[in-house]
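Keep the sequence and the model side by side. The walk below starts inside the sheet and works outward to the helices.

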Amino acid sequence: MMSTGVILAIGFQLSGGDSQMNALIWYSWLGGIIIGTMIGANMVLEEHCRAGPRNVVITGSTRGLGKALAREFLLSGDRVVVASRSPESVDMTVQELEENLKEGILAVANGASRTNLSHAKVVGTACDVSRPDDVRKLADFATSELGSIDIWINNAGMNKGFRPLLQFTNEDINQIVSTNLVGSLICTREAMRVIGSQEKGGHIFNMDGAGSGGSSTPLTAVYGSTKCGLRQLQASLLKESKRSKVGVHTASPGMVLTDLLLSGSTLRNKQMFNIICELPETVARTLVPRMRVVKGSGKAINYLTPPRILLALVTAWLRRGRWFDDQGRALYAAEADRIRNWAESRARFSFTDAMEMYTENTWVSVFSLSVVCAFIILSSSSGTLPGT
């Protein structure tokens, strides 16, 4: 926006204080913003629609956000590998997602969406991310089933509730660190090995969480320290893979109503969750389109952006009792009920979704509004120059 500010300043100087000229400049600037936004959003829509099927691996994807991400990728026509430590959970999740996919195909047949789901596929395998052999098997399974890996998401995570460090056992600490930090390191290494050997490359996402930026996380000190370690890993890998075909990124879902967040939460926690938390399906709907079209490396794809935070704070009084009542009892629908109309409610990638994403095409907005401003300024000022 600095370039448009310069153009505005020059325009005001050329106007010589003419109020009509100043009004023209302001209107042209606003018109440029509208044009740029529409162009940018339309580019996102086209890019999202053109993006062919992605081959996606998601760890920790048999519940919560991981499963919601898998479902959203499937809805986009992608091929997905789900993974978790429990073979039974994997089998149940694959079966459930296959049913969801059938619902999506029926919606397409009924004209609810243009999304091509014929290529969509879901498979799964058990994997303990803290075990290198398991992670190697996961990568081999994915390449065997899908042929290649376009996107690898390290979503597996563990918290063990809210309480002081002194109350965490050795086993608690070991499990959290092994899953969140060691698991992400091992998975990232394996994903880099596979993706780096592919001609077209691919992308890896590590999930941000509380503590990522180095801020304090009282009562979740172990969890926060692992997330802080992942941020350092990201900074290091950006330099290591600078000339690589591997894109290394972070995704931040914000606060999501999952077992990971709710385990050990107090009544006061839940009152805060009413204001700032969202359901897994809502967050996945925002993150997945951005993940599918990501380019380069070092991108941070966030759900809880500053505008969303501001909106949540401004409307905090309206959000009381949104998810939990005064006694902390859950008010939101169970997952099965939430996805009952999944295909119909999320079958179409809308213009409003694209509007949220268009900031990734900010240069289009800046260019278009700068051109509009410059045209109005120059055409208007030309008549006031000497000899005209």
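How many of the five residues of S1 are buried? Five of five are, so S1 is mostly covered by the 20% cut-off for relative accessible area. Keep in mind that this is a predicted model.

Look at the two sides of S1 in turn. Asn 55, Val 57 and Thr 59 are on one side, and Val 56 and Ile 58 are on the other. Residues on both sides are buried, and both faces of the strand are covered.

Now step sideways. S1 pairs with S2 in the parallel sense, over five bridges. Pick Val 57 in S1 and look across: its bridge partner in S2 is Val 81. S2 is mostly covered too, with five of its six residues buried.

These two strands belong to a wider sheet. The sheet is open, has seven strands and pairs them in parallel. Its order reads S3-S2-S1-S4-S5-S6-S7. Which strands stand at the edges? They are S3, residues 121-126, and S7, residues 300-302. Each has a single partner strand, so one side of each lacks a neighbour in the sheet. On average, neighbouring strands are turned by 20° against each other, direction ignored.

Follow the order to the S7 edge. Strand S6, residues 246-252, runs parallel to S7 and is joined to S7 by three bridges. Ser 252 stands opposite Asn 302 in S7.

Helices pack on this sheet. H3 touches S1 (55-59), S2 (79-84), S3, S4 (151-154) and S5 (202-207). The direction of H3 makes about 170° with that of S1. H7 also packs on the sheet, where H7 touches S5 and S6. The direction of H7 makes about 155° with that of S6.

Take one residue from H3, which spans residues 64-75: Lys 67. Is Lys 67 buried or exposed? Its relative accessibility is 5%, so Lys 67 counts as buried. Set aside its neighbours within four places in sequence, and Lys 67 is in contact with Ser 61, Thr 62, Thr 93, Glu 96, Leu 97 and Glu 335.

Next, the helix pairs. Two packed helices are described by the angle between their axes and the distance between the axes. Start with H6, residues 170-196, and H7, residues 221-240. They pack at about 20°, with axes 9 Å apart. That angle makes H6 roughly parallel to H7. Their crossing is right-handed. On the H6 side the contact includes Ile 173, Ile 176, Val 177 and Asn 180. On the H7 side it includes Val 222, Tyr 223, Thr 226 and Gly 229. By type, the residues of this contact divide into 11 nonpolar, five polar and no charged.

Zoom in on Leu 230, found in helix H7. Leu 230 has a relative accessible area of 4%, so it is buried. Beyond its neighbours within four places in sequence, Leu 230 is in contact with Asn 180, Leu 181, Ser 184 and Met 207. Ser 184 and Leu 230 are 46 residues apart in sequence. In space, their C-alpha atoms are 7.9 Å apart.

H6 has a contact with H5, residues 132-146, as well. The axes of H5 and H6 come within 10 Å and cross at roughly 35°. This crossing is right-handed. Pro 132, Val 135, Arg 136, Ala 139, Asp 140 and Thr 143 take part from H5. From H6, they meet Ile 186, Cys 187, Arg 189, Glu 190, Arg 193 and Val 194. What types of residue make up the contact of H5 with H6? The split is six nonpolar, one polar and five charged.

Finally, zoom out to the chain. Its secondary structure comes to 15 helices and seven strands. Of its 388 residues, 48% count as buried. Consider the contacts between residues at least 6 apart in sequence: 74% of them join residues at least 24 apart.

Conventions
Residues are numbered from 1 along each chain as its sequence is written. This is a predicted model: local features need pLDDT of at least 70, side-chain atom pairs count only at pLDDT 80 or more; totals for chains, interfaces and linings use all residues. Side-chain values use heavy atoms; hydrogens and water are left out. Helices (H or I, at least four residues) and strands (E, at least two) are DSSP runs, numbered from the N terminus. Buried means under 20% relative accessible area, exposed over 50%, partly exposed in between (1.4 Å probe, protein chains only). Contact means heavy atoms within 4.5 Å. Axes are lines fitted to C-alpha atoms, for helices over the stretch in contact, and angles run from 0 to 180 degrees between N-to-C directions. Angles under 35 degrees count as roughly parallel, over 145 as roughly antiparallel, 65 to 115 as roughly perpendicular and the rest as oblique. A crossing is left-handed if the near helix is turned anticlockwise from the far one by less than a right angle, and right-handed if clockwise. Ala, Val, Leu, Ile, Met, Phe, Trp, Tyr, Cys and Pro count as nonpolar, Asp, Glu, Lys and Arg as charged, and the others, Gly among them, as polar. Two strands pair if DSSP finds at least two bridges between them.
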